[in-house]
Amino acid sequence: MEFIVNPLGKDTIYDQLIFQVKLAIANGTLQAGDILPSVRGLAKSLSVSTISVQRAYGELQKEGIIESAEGKGNFVSAGVSKASLKDALIMAVEDEARRVIHIAKQNGISRDELTDLIQLLWEDFS
């Protein structure tokens with residue numbers, strides 16, 4: 001699994017990492033028992049602080065999404081519910097959609113123009 005962060009994004013680095021781990025579990029890219037990259041390795045590959053990665057992993061542990069084994073690393077928890085993660089991700093997408101719609105309406109972009117744009121972008125990711 002490859003993580004991507006945007007240091008200039010509206011969300012913190014650790015929030016971006018948390019979201020990506022949850023998304024990967026919800027869509028089946030990560031499964032129960034899968035190992036996550038080491039804190040140092042991930043921080044180095046993303047050119048971010050180890051503190052950001054530690055904070056993301058710590059939050060995921062608190063939520064019961066990952067487990068840590070001393071000397072072995074961090075793993076996706078066996079008890080994680082893909083359905084609950086998917087619901088949370090849908091809510092996050094809905095929040096972003098509301099923000100995009102608000103910006104479009106403020107700037108005179110019609111629903112048809114926005115729909116066309118989303119369809120074009122959707123195809124770029126296919």
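Take the contacts in the protein chain between residues at least 6 apart in sequence: 50% of them join residues at least 24 apart. Keep in mind that this is a predicted model. Buried residues account for 28% of the 126 residues in the chain. The C-alpha atoms fill a box of roughly 55 × 30 × 25 Å along the principal axes.

What is the chain built from? It has five helices and two strands, and if you walk along from the N terminus, the elements come in the order α-α-α-β-β-α-α.

Let's start with helix H1 (13–26), where you'll find Gln-20. Is Gln-20 buried or exposed? Its relative accessible area is 15%, and the cut-off for buried is under 20%, so Gln-20 counts as buried. As for its neighbours, leaving aside residues up to four places away in sequence, Gln-20 touches Met-1, Glu-2, Phe-3, Ile-4 and Val-5. Lys-72 is another story: it sits 52 residues from Gln-20 along the chain, and the C-alpha atoms of the two are separated by 22 Å.

Lys-72 brings us to the strands. Strand S1 covers residues 66–69 and strand S2 covers residues 73–76; the two run antiparallel and are joined by four bridges. One pairing to look for is Ile-66 with its bridge partner in S2, Val-76. Together S1 and S2 make a hairpin, with three residues between them. In that turn, Gly-71 has a positive phi of about 80°.

Further along comes helix H4, residues 82–106. How far should its 25 residues span? At 1.5 Å a residue, the expected span is 36 Å, and the end C-alpha atoms are indeed 36 Å apart, so the two values agree. Leu-85, Leu-89 and Ala-104 are buried in H4. An α-helix has 3.6 residues a turn, so residues three or four places apart point the same way. That is worth remembering as you look at Leu-85 and Leu-89, both buried in H4. And what do the buried residues of H4 pack against? Their partners are helix H1, which we met with Gln-20, and helix H5 (111–124). After H4 comes Gly-108, which has a positive phi, near 70°.

Finally, the outside. The chain's accessible surface comes to about 8,900 Å², and carbon and sulfur atoms contribute 55% of that. The chain carries 13 positive and 17 negative charges, and the mean positions of these two sets lie 6 Å apart.

Methods
Residues are numbered from 1 along each chain as its sequence is written. This is a predicted model: local features need pLDDT of at least 70, side-chain atom pairs count only at pLDDT 80 or more; totals for chains, interfaces and linings use all residues. Side-chain values use heavy atoms; hydrogens and water are left out. Buried means under 20% relative accessible area, exposed over 50%, partly exposed in between (1.4 Å probe, protein chains only). Contact means heavy atoms within 4.5 Å. Accessible areas come from the Shrake-Rupley method with a 1.4 Å probe; for residues, only the protein chains shown count as cover. Lys and Arg count as positive and Asp and Glu as negative; His and the chain ends are not counted. The place of a charge is taken as NZ of Lys, CZ of Arg, CG of Asp or CD of Glu. The expected span of a helix is 1.5 Å times one less than its number of residues. Two strands pair if DSSP finds at least two bridges between them.
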